[in-house]
Amino acid sequence: MSTMTAVPKRWIGLLMPVVALYWGLMFVGTHLPHIDLPGGSTIVSIDKLLHFSGYLGLGFLLSLVVVTSAARRGEPELLALRKRGYLVLLIIATYAIFDETTQMLVGRSCELFDGMADAFQ
């Protein structure tokens, strides 16, 4: 039995715009130049944490899309997540590579550890 059947369709319909907005804001945020602090240092120490948490949120939202889509089809949510979870991971890993490589276009560095924090959220 599906646990999502009680969720109004309008809420399910709002999920895709939320994912699109989150993803767009994440793209903008990862492509802003590092902020210079007084004394010439930059905010780099929390960079990995920001990458990790941003991609964790994206993974959560994409997993929620899988689960709600399954509920709309009458498919058990956990089964759908097991069957399609690899797709969520593939999307995130592919986007992490794209994100890191395009950061070089705006003067940021492409870092292996950022990519790992993104992909292994």
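## Overall fold

The protein chain has four helices and zero strands, so reading from the N terminus you get α-α-α-α, going by the DSSP runs. Keep in mind that this is a predicted model.

Of the 121 residues in the chain, 33% are buried. Take the contacts with a separation of 6 or more, and 69% of them turn out to link residues 24 or more positions apart. As for the outside, the accessible surface comes to about 7,700 Å², and carbon and sulfur atoms hold 75% of that.

## Helix 2 against helix 3

Helix 2 covers residues 47-73 and helix 3 covers residues 77-102; their axes come within 9 Å and cross at roughly 145 degrees. The crossing of helix 2 past helix 3 is right-handed. On the helix 2 side, the contact is made by His-51, Tyr-55, Leu-58, Gly-59, Leu-62, Ser-63, Val-66, Val-67, Ala-70, Ala-71 and Arg-73. Helix 3 answers with Glu-77, Ala-80, Leu-81, Arg-84, Val-88, Ile-91, Ile-92, Tyr-95, Ala-96, Asp-99 and Glu-100.

What sort of residues make up this contact? They divide into 14 nonpolar, three polar and five charged.

## Around Thr-30

Thr-30 sits in helix 1, which spans residues 9-30. Its relative accessibility is 10%, so Thr-30 counts as buried, the cut-off being under 20%. Setting aside the neighbours within four places in sequence, Thr-30 is in contact with His-51, Asp-99, Gln-103 and Arg-108.

Two of those names should ring a bell: His-51 and Asp-99 also take part in the contact of helix 2 with helix 3. With Asp-99 there's a polar contact as well, side chain to side chain, at 2.7 Å from Thr-30.

## Around Thr-102

Now for another threonine, Thr-102, which is found in helix 3. Thr-102 has 12% relative accessibility and therefore goes down as buried too, again by the under 20% cut-off. Which residues does Thr-102 touch, not counting those up to four places away in sequence? Phe-27 and His-31.

The side chain of Thr-102 makes a polar contact with the side chain of His-31 at 2.7 Å. That side chain of Thr-102 also reaches the backbone oxygen of Asp-99, at 3.2 Å. So Asp-99 turns up twice here, since its side chain is in polar contact with Thr-30 and its backbone oxygen is reached by Thr-102, with N or O atoms within 3.5 Å being what counts as a polar contact. As for Phe-27, the C-alpha atoms of Thr-102 and Phe-27 are separated by 9.9 Å, with their positions 75 residues apart along the chain.

## Helix 1 and its distant partners

Two other residues of helix 1 are worth a look. Gly-13 is found in helix 1 and is partly exposed, with a relative accessible area of 43%. From Gly-13 to Thr-68 you go 55 residues in sequence, yet C-alpha to C-alpha they are 9.6 Å apart in space.

Met-16 also lies in helix 1. Its relative accessible area is 49%, which means Met-16 is partly exposed, as exposed takes over 50%. Met-16 and Leu-61 are 45 residues apart along the chain, with their C-alpha atoms separated by 9.0 Å.

## Phe-60 on helix 2

Is Phe-60, in helix 2, buried or exposed? Phe-60 has a relative accessible area of 54%, so this phenylalanine is exposed, the cut-off being over 50%. The C-alpha atoms of Phe-60 and Val-88 are separated by 9.3 Å, and the two residues are 28 apart along the chain. Val-88 itself is one of the helix 3 residues in the contact with helix 2.

How values were computed
Residues are numbered from 1 along each chain as its sequence is written. This is a predicted model: local features need pLDDT of at least 70, side-chain atom pairs count only at pLDDT 80 or more; totals for chains, interfaces and linings use all residues. Side-chain values use heavy atoms; hydrogens and water are left out. Helices (H or I, at least four residues) and strands (E, at least two) are DSSP runs, numbered from the N terminus. Buried means under 20% relative accessible area, exposed over 50%, partly exposed in between (1.4 Å probe, protein chains only). Contact means heavy atoms within 4.5 Å. Accessible areas come from the Shrake-Rupley method with a 1.4 Å probe; for residues, only the protein chains shown count as cover. Axes are lines fitted to C-alpha atoms, for helices over the stretch in contact, and angles run from 0 to 180 degrees between N-to-C directions. A crossing is left-handed if the near helix is turned anticlockwise from the far one by less than a right angle, and right-handed if clockwise. Ala, Val, Leu, Ile, Met, Phe, Trp, Tyr, Cys and Pro count as nonpolar, Asp, Glu, Lys and Arg as charged, and the others, Gly among them, as polar. A polar contact is a pair of N or O atoms within 3.5 Å; within protein, one must be able to donate a hydrogen and the other to accept it, and residues adjacent in sequence count only if both atoms are side-chain atoms.
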